[in-house]
Amino acid sequence: MDLWQQNRLIDDQLARFTAGSSDANKPNGQITEVLRTIHANLFDEGLNAERVKQLCLIGNHNISCRFKHIVGVGIHDYIEMKRVEAAKLLLQQTTIEISTIAFKLGYSYQESFSRAFRRRAGCSPKEYRLQVVHPK
């Protein structure tokens with residue numbers, strides 16, 4: 001598979017991932033808008049709580065607290081959690097290099113992606129792929 005085909009496969013899979021997110025249907029005006037914005041920009045490098053507020057045109061500083069109260073996790077944790085969920089799918093369904101997956105998910109450095117993945121999944125992306133491909 002050439003690089004163009006790999007990128008197309010990743011882009012298609014990530015588009016399906018963000019389109020299928022059910023959390024964006026939770027009630028509460030601003031929180032719904034924040035969720036929609038996160039899902040629309042989930043794989044953008046530099047997406048964080050401040051950027052989400054800018055994109056939503058929200059100047060309200062307590063939106064992070066309200067988000068955590070309604071969704072159950074903070075904005076940063078939510079973004080990381082969703083990116084790791086997408087990474088798990090790509091690791092299971094493709095043989096694309098981990099560094100390429102990291103970049104496509106919005107991480108500037110593979111090390112940052114690996115740390116986030118380990119926090120959420122309890123193992124490295126490589127270990128996860130091996131467990132899925134060759135379960136014990």
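This report describes the overall architecture of a predicted model, its helix H3 and its cysteines.

## Overall architecture

The protein contains eight helices and zero strands. Read from the N terminus, its elements follow the order α-α-α-α-α-α-α-α.

Of the 136 residues in the protein, 43% are buried. Among contacts with a separation of 6 or more, 61% join residues 24 or more positions apart. The exposed surface of the protein amounts to about 8,000 Å², and 50% of this area is supplied by carbon and sulfur atoms.

## Helix H3 and its packing

Helix H3 spans residues 49-56, and its buried residues are Ala 49, Val 52, Lys 53 and Cys 56. Viewed down the axis of H3, these buried residues fall within an arc of 100°, so they line one face of the helix. Their packing partners are helix H2 (29-40), helix H4 (63-71) and helix H5 (75-93).

## The ends of H3

At the N-terminal end of H3, Asn 48 acts as a cap: one of its side-chain oxygens lies 3.1 Å from the backbone nitrogen of Glu 50. Beyond the other end, Leu 57 comes just after H3 and adopts a positive phi of about 60°.

## Cysteines

Cys 56, one of the buried residues of H3, has a relative accessible area of 11%. Cys 123 is also buried, at 5% relative accessibility. Both values lie under the 20% cut-off for a buried residue.

A disulfide is a covalent bond between the sulfur atoms of two cysteines. A search of the whole structure for such bonds finds zero disulfides.

Key:
Residues numbered from 1 in each chain as written. Predicted model: local features only at pLDDT ≥ 70, side-chain atom pairs only at ≥ 80, totals over all residues. Heavy atoms only, no water. Buried < 20%, exposed > 50% of the residue type's maximum accessible area, 1.4 Å probe, protein only. Helix = DSSP H or I, 4+ residues; strand = E, 2+ residues; numbered from the N terminus. Arc of directions from axis to C-beta. Contact = heavy atoms within 4.5 Å. Polar contact = N/O pair within 3.5 Å; in protein donor to acceptor, adjacent residues only side chain to side chain. Disulfide = S-S within 2.5 Å. Areas by Shrake-Rupley, 256 points an atom, 1.4 Å probe, with all protein chains shown as cover.
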